[in-house]
Amino acid sequence: MRKLSQAILLFSLIVLSSCKSSNYKYFAPTVNPVLFQDKGEVHVSGEISSSGLLAKSAVALTNHFGIMGMYHSGGLGNYRAHEGEIAAGYFTNNVYVSGGMGFGSNFAYTDTTHVAKRYEGSFRRPFVQINAGVSGREIIGGIKGDAVFCLKNSYLFYNGNHLNTTRDRIHSEYFVMEPGFLMGLGSRVFRFDFLMGFPIHFTNTPLSKYSNARTYPLNIGFGIRFVFGRKKNLI
């Protein structure tokens with residue numbers, strides 16, 4: 001499984017870094033696949049992904065209400081982004097339904113010298129997300145495991161400019177559906193995570209460097225997660 005994950009990650013990096021389209025791009029960060037059980041429960045994680053570095057957190061404020069947040073920084077090849085996200089929602093056994101807002105900015109260099117920029121812009125991304133699965137189930141010998149499925153539905157509002165002599169405007173509004181999953185292994189308070197997502201950009205119009213972003217259909221992440229305040233395991 002480890003070799004397969006490494007091969008998938010290497011393939012995705014090669015494909016994404018080799019794309020030289022004049023279209024502006026948006027790399028979706030991996031989702032936050034948290035599952036709560038107890039009031040006061042806290043999740044904190046760090047992740048290396050195909051879209052950059054991510055820090056994620058989540059807190060259960062009551063027996064059924066929780067919040068989560070994410071910060072994404074970095075990029076791939078000539079692409080760079082800074083992005084934040086905050087959400088709140090309802091949880092019960094093995095399910096968390098939330099809604100929130102993502103916001104940030106991105107740009108791309110013209111070439112590998114990383115001196116001149118080709119475009120830059122900012123965006124907002126309201127979304128609804130459903131997480132469902134199991135978390136903290138004992139596998140063998142005290143090892144705990146997580147298996148969580150996620151479905152994230154976002155609507156991206158993007159405004160920017162190509163940095164040419166005429167500063168051509170970029171404007172987008174489009175829907176992205178992202179199914180994904182997490183697999184985690186570790187102890188009661190510590191997990192090693194593997195995440196994979198498949199952003200799907202639904203559109204009836206062709207890609208355009210002015211109004212239709214190239215949204216890549218794959219993201220992969222490897223992370224370390226801590227879970228504090230959990231009183232018992234989800235079953």
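User: Which residues are linked with Glu 83 in a network of salt bridges?

Analyst: In this predicted model, Glu 83 belongs to a network of salt bridges that also takes in Glu 85, Arg 125 and Lys 152. Arg 125 lies in strand S7, which covers residues 117-140, and Lys 152 lies in strand S8, which covers residues 143-162.

User: How many salt bridges does a search of the whole structure find?

Analyst: The search returns 10 salt bridges. One of them joins the side chains of Glu 47 and Lys 56, with 2.8 Å from N to O.

User: Are Glu 47 and Lys 56 buried or exposed?

Analyst: Glu 47 and Lys 56 are both buried.

User: How should I read the accessibility of the partners in other salt bridges, such as the one between Lys 117 and Glu 120?

Analyst: The general idea is to compare the relative accessible area with two cut-offs: a residue under 20% is buried, one over 50% is exposed, and one in between is partly exposed. In the salt bridge of Lys 117 with Glu 120, the N to O distance is 3.8 Å. Lys 117 is partly exposed because its relative accessible area is 33%, and Glu 120 is partly exposed because its value is 30%.

User: What does the same reading give for Lys 144 and Glu 138, which form a salt bridge?

Analyst: The closest N and O atoms of Lys 144 and Glu 138 are 3.5 Å apart. Lys 144 has a relative accessibility of 10% and therefore counts as buried. Glu 138, at 47%, counts as partly exposed.

User: How do I read the pairing of strands, and which strands pair with S7?

Analyst: A general point comes before the case. In a regular strand, side chains alternate between the two faces of the sheet. As for the pairing here, strand S6, residues 95-109, runs antiparallel to S7 and is joined to it by 15 bridges. S7 also pairs with S8 in the antiparallel sense, over 17 bridges.

User: Which residue in S7 is the bridge partner of Tyr 109?

Analyst: The partner of Tyr 109 is Lys 117, whose side chain also meets that of Glu 120 in a salt bridge. Between S7 and S8, Val 128 stands opposite Asn 153.

User: What lies between S7 and S8 in their hairpin?

Analyst: The hairpin has 2 residues between its strands, and Gly 141 in the turn has a positive phi of about 60°.

User: How should a positive phi be read when the residue is not a glycine, and where does His 114 lie?

Analyst: Most residues other than glycine have a negative phi. His 114 is not a glycine, yet its phi is positive, at about 55°. His 114 lies in the loop between S6 and S7. With a relative accessibility of 32%, His 114 counts as partly exposed.

Arg 167 also has a positive phi, near 50°. Arg 167 is placed in the loop between S8 and strand S9, residues 169-186. Its relative accessible area is 44%, so Arg 167 is partly exposed.

User: Where is Glu 41 found, and is it buried or exposed?

Analyst: Glu 41 is in the loop between strand S1 (25-26) and strand S2 (42-49). Glu 41 counts as buried because its relative accessibility is 0%.

User: What does the side chain of Glu 41 reach?

Analyst: The side chain of Glu 41 reaches the backbone nitrogen of Gln 37 at 3.1 Å. A further polar contact, of 2.7 Å, joins the side chains of Glu 41 and His 43. Beyond its neighbours within four places in sequence, Glu 41 is in contact with residues including Leu 35, Ala 58, Val 59, Phe 228 and Arg 230.

User: What does the secondary structure of the chain come to?

Analyst: The chain has 1 helix and 13 strands, and the helix precedes the strands when the elements are read from the N terminus. Of the 235 residues in the chain, 46% are buried. Among contacts between residues at least 6 apart in sequence, 60% join residues at least 24 apart.

User: What pLDDT does the chain average, and what share of the residues scores at least 70?

Analyst: The chain averages a pLDDT of 86, and 88% of the residues score at least 70. Over residues 13-20, pLDDT stays under 50; the model has 9 contacts beyond four places in sequence for this stretch.

How values were computed
Residues numbered from 1 in each chain as written. Predicted model: local features only at pLDDT ≥ 70, side-chain atom pairs only at ≥ 80, totals over all residues. Heavy atoms only, no water. Salt bridge = Lys/Arg side-chain N within 4 Å of Asp/Glu carboxyl O. Buried < 20%, exposed > 50% of the residue type's maximum accessible area, 1.4 Å probe, protein only. Pairing = 2+ DSSP bridges. Helix = DSSP H or I, 4+ residues; strand = E, 2+ residues; numbered from the N terminus. Polar contact = N/O pair within 3.5 Å; in protein donor to acceptor, adjacent residues only side chain to side chain. Contact = heavy atoms within 4.5 Å. pLDDT = per-residue confidence, 0-100.
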